[in-house]
Amino acid sequence: MTLAVTYLPEAPAHDPEIDDINEEAFGPGRFVRAAYKIREGGPHDRNLSFVAMHDGVVIASVRMTWIAAGKGRALLLGPLAVRPAFKNMGIGRKLVAMAIDAARRAGAPAVLLVGDEPYYGPLGFRRIPAGQMVMPRPVDPNRFLAVELRAGAVAALIGDVQHAWQVDGMPADIQTGCAHVRASVA
């Protein structure tokens, strides 16, 4: 039997279900992780984030957040979460592949994540040289991975990793129509 899964760009209506999936997958400990600390600096990019749905219900999601380290810019992938009943079916890998493809089309230089190399390696992720970047909280350097979408992009990422908004300010396209977002981020 083939499972009918639909993959869609993330929409605000998906937020409650995504929050439930992340709670189920990572529990309250997710709030102390380094990647979560970066995400506190501003929103993720919905244009590069996706959900998997089955029977009208979100069963998995992946998000992408713009980050800065030194003069380099990239995307931070995550969280990636799949409901337990749908694990080991390739849904998570499909979402990651979609997110990387969207990042490439958007002109992103690289995608980073904190995760297991045996899972993410086949999708192109490799270890980042130890000490090149510093996350805001401790991270096992063996789990700090990147896929380079533009030659030399990972080498340009040096120093403290933070949400890109913390360094570059809010993008002009968001400033124009979202004064309420600006107020909540400030």
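**Group meeting talk: salt bridges, rings and one helix**

Okay, let's start with arginine 105, which is exposed, with a relative accessible area of 60%. The cut-off for calling a residue exposed is over 50%, so arginine 105 makes the grade. Before I go on, please keep in mind that this is a predicted model.

So who does arginine 105 pair up with? Its side chain meets that of aspartate 101 in a salt bridge, at 2.3 Å from N to O. Aspartate 101 is partly exposed, with 36% relative accessibility. And how far apart are aspartate 101 and arginine 105 along helix α3? They are 4 residues apart, so about one helical turn separates them.

Let's stay with that helix for a moment. α3 runs over residues 91-105. Here's a little check you can do yourselves. With 1.5 Å for each residue, the 15 residues of α3 should span 21 Å. The C-alpha atoms at the two ends of α3 are 21 Å apart, which agrees. If you're clicking along, look for the buried residues of α3, among them Ile91, Leu95, Val96, Met98 and Ile100. Gly92 is on that buried list too, and so are Ala99, Ala102 and Ala103. After α3 comes glycine 107, and its phi is positive, near 85 degrees.

Right, back to salt bridges. How many are there by the rule we use? The count comes to 9. Let me show you one between arginine 63 and aspartate 15, whose side chains meet at 3.0 Å, N to O. Arginine 63 sits in strand β3, residues 57-69, while aspartate 15 belongs to helix α1, so this pair ties together parts that are 48 residues apart in sequence. Are these two buried or exposed? Arginine 63 is buried, and aspartate 15 is buried as well. They also have company, since Glu10, Asp15, Arg46 and Arg63 are linked in a network of salt bridges.

Another one to look at is aspartate 116 with arginine 143, where the closest N and O atoms are 3.1 Å apart. Aspartate 116 is in the loop between β5 (110-114) and α4 (117-120), and arginine 143 is in the loop between β7 (133-134) and β8 (144-148), so here the parts being tied together are 27 residues apart in sequence. Aspartate 116 has a relative accessible area of 44%, which puts it in the partly exposed class. Arginine 143 counts as partly exposed too, at 30%.

Next up, the aromatic rings. You describe a pair of aromatic rings by the distance of the centres and the angle of the planes. For this model the count is 2 aromatic pairs. One of them is tyrosine 119 with tyrosine 120, an edge-to-face pair at 4.8 Å centre to centre, with 75 degrees between the planes. Tyrosine 119 is partly exposed at 28% relative accessibility, whereas tyrosine 120 is buried at 11%. Then there's tyrosine 120 with phenylalanine 125: the ring centres are 5.7 Å apart and the planes sit at 75 degrees, so this pair is edge-to-face. In that pair, both tyrosine 120 and phenylalanine 125 are buried. Put together, Tyr119, Tyr120 and Phe125 form one aromatic cluster.

What lies over the face of tyrosine 119? That would be arginine 93, at 4.4 Å from the ring centre. You can find a lysine doing this as well: lysine 94 lies over the face of tyrosine 7, at 5.4 Å from the ring centre.

One more residue, and I'm nearly done. Histidine 14 lies in the loop between β1 (6-9) and α1 (15-26). Histidine 14 is buried, with a relative accessible area of 10%. And what does it touch, leaving aside neighbours within four places in sequence? Histidine 14 is in contact with Pro9, Val51, Met53 and Val58.

Let's zoom out to finish. The protein chain has 7 helices and 9 strands. It has 186 residues, and 44% of them count as buried. If you take contacts with a separation of 6 or more, residues 24 or more positions apart account for 69% of them. As for the surface, the protein chain exposes about 9,600 Å², and carbon and sulfur atoms supply 55% of that. That's it from me, thanks!

How values were computed. Residues are numbered from 1 along each chain as its sequence is written. This is a predicted model: local features need pLDDT of at least 70, side-chain atom pairs count only at pLDDT 80 or more; totals for chains, interfaces and linings use all residues. Side-chain values use heavy atoms; hydrogens and water are left out. Rings of Phe, Tyr and Trp (its six-membered ring) pair if their centres lie within 6.5 Å; planes under 30 degrees apart count as stacked, over 60 as edge-to-face and the rest as tilted. Buried means under 20% relative accessible area, exposed over 50%, partly exposed in between (1.4 Å probe, protein chains only). A charge sits over a ring if NZ of Lys or CZ of Arg is within 6 Å of the ring centre and within 35 degrees of the ring normal. Contact means heavy atoms within 4.5 Å. A salt bridge is a side-chain nitrogen of Lys or Arg within 4 Å of a carboxyl oxygen of Asp or Glu. The expected span of a helix is 1.5 Å times one less than its number of residues. Accessible areas come from the Shrake-Rupley method with a 1.4 Å probe; for residues, only the protein chains shown count as cover.
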